Structures are given as structure tokens and as C-alpha cells.
Amino acid sequence: MREQLQKTNNQHPMIQVKNLSVVYGHQTILSHVSFDVKHGEIAAVIGPNGSGKTTLIRAILGLIPFDGEILIDGQLPSHVRSHVGYVPQRFRFDPDFPITVREYLDLSKTHVHKYEYAHKLKEVGLETSILHKPLGSLSGGQLQRVLIAQATIDHPTLLILDEPSTGIDIVGEEQFYELLKSQRDQHGTTVILVSHDIAVVSNVVDQVICVNKRLVCFGPPRQALTQEKLSELYGKKDASLYSHHHHN
Amino acid sequence: MELLEFLQYPFMQRALVAGILLGVLLATLGVFVTLRRMAFFGEGIAHASLAGIAIGILTGFSPLPVAMIWAVILALLIFTLEQKTKLPIDTVIGIFFTSAMALGVVLMNFTSGYQPELLSFLFGSILSVSISDLWTIAISTIVILIWLISSRRQLTFLSLSEEQAIVSGIPVRLQTAILYVALSVATVLGVKILGIILVSALLIIPPAISRLHAKSFRSHMILAVLFSEIIIILGLALSFFYDLPSGAVIVLVGAFLFLLSLLFSH
């Protein structure tokens, strides 16, 4: 299946979103959003709080009902789930659930060799001694790193991360973006991440997807993130702040 | 040895084999039941099985297989309603539990005379395990355990985070439906020894004791089965020596072990 996905690389964009709308009751969360992300690209979804970023991610993952069309490598999201890695914004679980980090990593789809754990943990900045700790005993930053390790351990063709650097310090953040790049370069993984930090994102990603209930801008950061579009995205008052960061 | 005297009686041998099989089955299922906070499911299905038992007695069929089929139908109805409506699962179970039990009481009214079989189903009886019951228990246990072992990764992921499990491509609906069916079958099988009123204790108490000590999922599962077997064997032996209802004694042994564990776990 993975080979099939890779063979079709040139036939379809990795993600095709066409005319996507999400409505809860009478409230429109997203309206007529369309964009494509190519294979091997890193794309960031940006926008103010409550703009529909997480809703967009959840729609791509097929977790919520929507109008419009979403295809992953030409297929419905539900058909290619086993090739998607996902790191949620908040991982809701019972902290008393008796499971070690090793056991959690073992939940990944393929059998993982012992040496791969050490390599993967090193990649996300963790020591191998953490393998025997209960998952519920980890700090927020440690848990976030373990989630990233779990999502990438069997090299998914598509990696989706919702505010992945939450709880990770600045040094760790750099390491994290390096990990994303190496996933892309070594395994051809397409990455979609939700972020608040336009400055960092601009240096890392190939495409930005700006949403505020609708698609405000889309394209390479330097072309898409104009002063005008940032004003439209965040409102005039906040845009200068984001713009300042962007040019730093 | 006087202590092992009870093993000489064929009915006791059958009860013990049934108990050991059910101990493994109910404890392993109970681990997922307690982690998913579904303790009420076992309670509900056990009580609802009264109607199935009544149908079996009234129609002259063996009550256990009839009750099993009845419980599986109810489990699938609960699953469907849970998926199709916005009602919480405990509300759905509550509706079926009380309605089916009420139907069982009404149906029992149509049976004439004293019903010793009914009493044994209500409170459990070590005398009631027949050879055919033993075969039903053994085959069902093997089938469910094969599914549990082959699906353990999916079930663990599902219990930890349903959303993450969906995204990982796990067939969440299918596995949940199978879990409900397996639970309903195991609960009805447990009714033979523990009775309708008390069977859910074996789904809850051994995993609860285990959780007080376990540091990993693997140890949680092993300890739950171990405690379950200790509780059943000790309970059956005590009920034999003191001529007490097996279900009640097994549950009291479990409660005592739970209290002991509480004291030693801190």
C-alpha cells in the first residue's frame, strides 16, 4: 500500500481540499476552503484563535463531517489512515492508564526494532531510560516529544501535527523542525502542521495555508504573507506584530 | 489431603475448570472494561439476561445458550443505539437493563411451581455446571481469547485514545462491536457460577486490584488474571467447605483482596 502511494506520486497532489465547508448547528467554522499540497512539501496552517485551524486538520483526518471534497493521494482519508501520523493539540488520556512509553510506542502499526527506539528517541531529544516510565508520569514537553516519536516511528507518508511545539522549549523547537525536515528529506513525508509562530514557520515550510473561517491566503510564505493578507488574517492591529516577526 | 477433598467430586471438578476458564476470560475483558469505564455494561447485560433465561426455561431449551443469544442481541442493540443517537451509553444500557429484567420477571410468572434453576441463575451455583455447560464455556473462552490476543494492540490503543485509534486506521466501530458481543457472552457464561446479581464483580474487582500495583499494561493484564484465579479458586473452595452460595463467597473473597491491596499499595 505504501509502495502504491509512492508510485502515484506524480498523479495526484498529496492533499486536495476542494470547496471544504464545516458547519456546526448554525455556526460556520470553515467556508469554501480549497488548496492542494504536493508530495514531500511541508505546509503550515496559520490563523488567529478560533479561525478553524484545528477543524481543518480534523476534517483532513476524517474525524468530523464536512461538505466538499478531501482527497489524500487521490483517495478518501478513511482509506489511507494507516499511512498517516498524527500529533493532536492535546492528547486526552487517563494519566493513570497503566502503560509505559515503550508499550505506547509499540502501538504503532509496524513492528519496531529495539535499536529504532533509541534512534527515534534521540531524534526527538529524549533518553532511552524514558522507555520504562509510565506515559502518565511524563511532563508536558516529554509527552509531546513521545507523541511525535510515535507518529513518526514507522515513517508515515503524511504527517499531521496540531500545534506540535506546545510545551517544547526553544532549543527543542529547533530540533523538532529539523526532525520534520529529515522526515521529508529521508522518507518523502508530506507534513502539515498548525502553528501560531509565523516567524519560525516562514523559515521552515514550503507553503502556508492562512485560514480565518475561509482561505485568506495560500502559497510560499514570502509570496503569501503580505502585509495586506496578514491584516486580513489577524485584523489591522495584530498584523503589524506578526509582520514584524516575519521579517526578522 | 482433606483440603483437596473437594477435588474428588465431579461437580466440583467441573466448577473449578469452568471457574479457571472464566477467571482468565472475565479478567482480560475486565481490563478493557475498567479502562474504558464500562463497568455498568457487564452489570446491565447480566441483569438483562434474566429474560433470556426465562425464555429458555419456558420453551424447554437449555437456558444458557438461549441467554447467550439474547445477550448478544441486546449488546448489538446497545451498540447500534449508542452510534445512532446522542444518548450516553450508560443511559442506553439502563433502558435495556431494566426493560429486559422486567420482561424476565413477567415471563417467569408464566412458569409453574418452584424453579430451582432460576435461583441458581440469580445467585450462582457450583452444582449447576453441566458437561455441556463446560464445553460451551471452554469453546467460547478459546474463541474470545484468540480474538483478544490478536487484537490486543488495537484494543489497547482504542482504550487509551479513541481518536488516536481512528486516525491510526484501527477499525474502531468493528472492534467496539466485537468487544460488546464478547463481553455479553462472557458475562452470561459467568452467570452460571456467580449469578446474575454478582457476575460483573469478576469483570471489575481483579482488574481493580491489579491496577493498584501495575506499572505497565503487560503487568496489569497478568496481575488481573492472577488475582482473578486466586479469587475464584479460593471462593469455590470456601463455598464448598462452608456450604455457602459460590457467587457470594467469590465476590467477598475478591472484596477482601481488594481491601488488602488498598492497604499495601500505599
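# Notebook: two chains, a few places looked up

I began with B:Leu262, which lies in helix H12 of chain B. The model I am reading is predicted. I asked whether B:Leu262 is buried or exposed. B:Leu262 has 12 C-beta neighbours inside 10 Å, and a residue with 12 or fewer is classed as exposed, so B:Leu262 counts as exposed. I then looked for a residue distant in sequence and took B:Ile209, which is 53 residues from B:Leu262 along the chain. The C-alpha atoms of these two residues are separated by 7.9 Å.

**Entry: the loop before H12 of chain B**

I moved to the loop between helix H11 (217-241) and helix H12 (246-264) of chain B, where B:Asp243 lies. B:Asp243 is not a glycine, yet I found a positive phi of about 50° there. I counted 6 other C-beta atoms within 10 Å of B:Asp243, which is exposed.

**Entry: a similar look in chain A**

I looked up A:His155, in the loop between helix H5 (140-152) and strand E6 (158-162) of chain A. A:His155 also is no glycine and has a positive phi of about 50°. How exposed is A:His155? I noted 15 other C-beta atoms within 10 Å, and A:His155 is partly exposed.

**Entry: H2 and H3 of chain B**

I took up a helix pair next. Helix H2 (residues 39-59) and helix H3 (residues 63-84) of chain B pack with their axes 7 Å apart, at an angle of about 135°. The range 65 to 115 degrees is roughly perpendicular and over 145 is roughly antiparallel, so H2(B) and H3(B) come out as oblique to each other. I recorded the crossing of H2(B) past H3(B) as right-handed.

Which residues meet in this contact? From H2(B) I listed B:Ile45, B:Ala48, B:Ser49, B:Ala51, B:Gly52, B:Ile53, B:Ile55, B:Gly56 and B:Ile57. From H3(B) I listed B:Pro63, B:Val66, B:Ala67, B:Trp70, B:Ala71, B:Leu74 and B:Ala75. I sorted the residues of this contact into 13 nonpolar, 3 polar and no charged.

**Entry: strand E3 of chain A**

I turned to strand E3 (residues 42-46) of chain A. 5 of its 5 residues are buried, so E3(A) is largely enclosed by the rest of the structure. I checked the two faces of E3(A) and found both covered. A:Ile42, A:Ala44 and A:Ile46 are buried on one side, and A:Ala43 and A:Val45 are buried on the other.

Which strands pair with E3(A)? I found strand E7 (residues 190-194) of chain A, parallel to E3(A) over 4 bridges. In this pairing A:Val45 stands opposite A:Val194 in E7(A). I also found strand E8 (residues 207-211) of chain A, again pairing with E3(A) in the parallel sense over 4 bridges. Here A:Ala44 stands opposite A:Val208 in E8(A).

**Entry: helix H2 of chain A**

I looked at helix H2 (residues 53-60) of chain A, which is mostly covered, with 7 of its 8 residues buried. The buried residues of H2(A) are A:Lys53, A:Thr55, A:Leu56, A:Ile57, A:Arg58, A:Ala59 and A:Ile60. Just after H2(A) I noted A:Gly62, with a positive phi of about 75°.

**Entry: where the chains touch**

Last, I looked up the contact between the chains: 18 residues of chain A are in contact with 18 residues of chain B. I divided the residues on the chain A side of this contact into 12 nonpolar, 2 polar and 4 charged.

Conventions:
Residues numbered from 1 in each chain as written. Chains lettered and ligands numbered in written order. Predicted model: local features only at pLDDT ≥ 70, side-chain atom pairs only at ≥ 80, totals over all residues. Axes fitted to C-alpha atoms, helices over the stretch in contact; angles between N-to-C directions. Parallel < 35°, antiparallel > 145°, perpendicular 65-115°, else oblique. Left-handed = near helix turned anticlockwise from the far one by under 90°. Contact = placed C-beta atoms within 7 Å. Nonpolar A, V, L, I, M, F, W, Y, C, P; charged D, E, K, R; others polar. Buried ≥ 20, exposed ≤ 12 C-beta atoms within 10 Å, placed from the backbone. Pairing = 2+ DSSP bridges.
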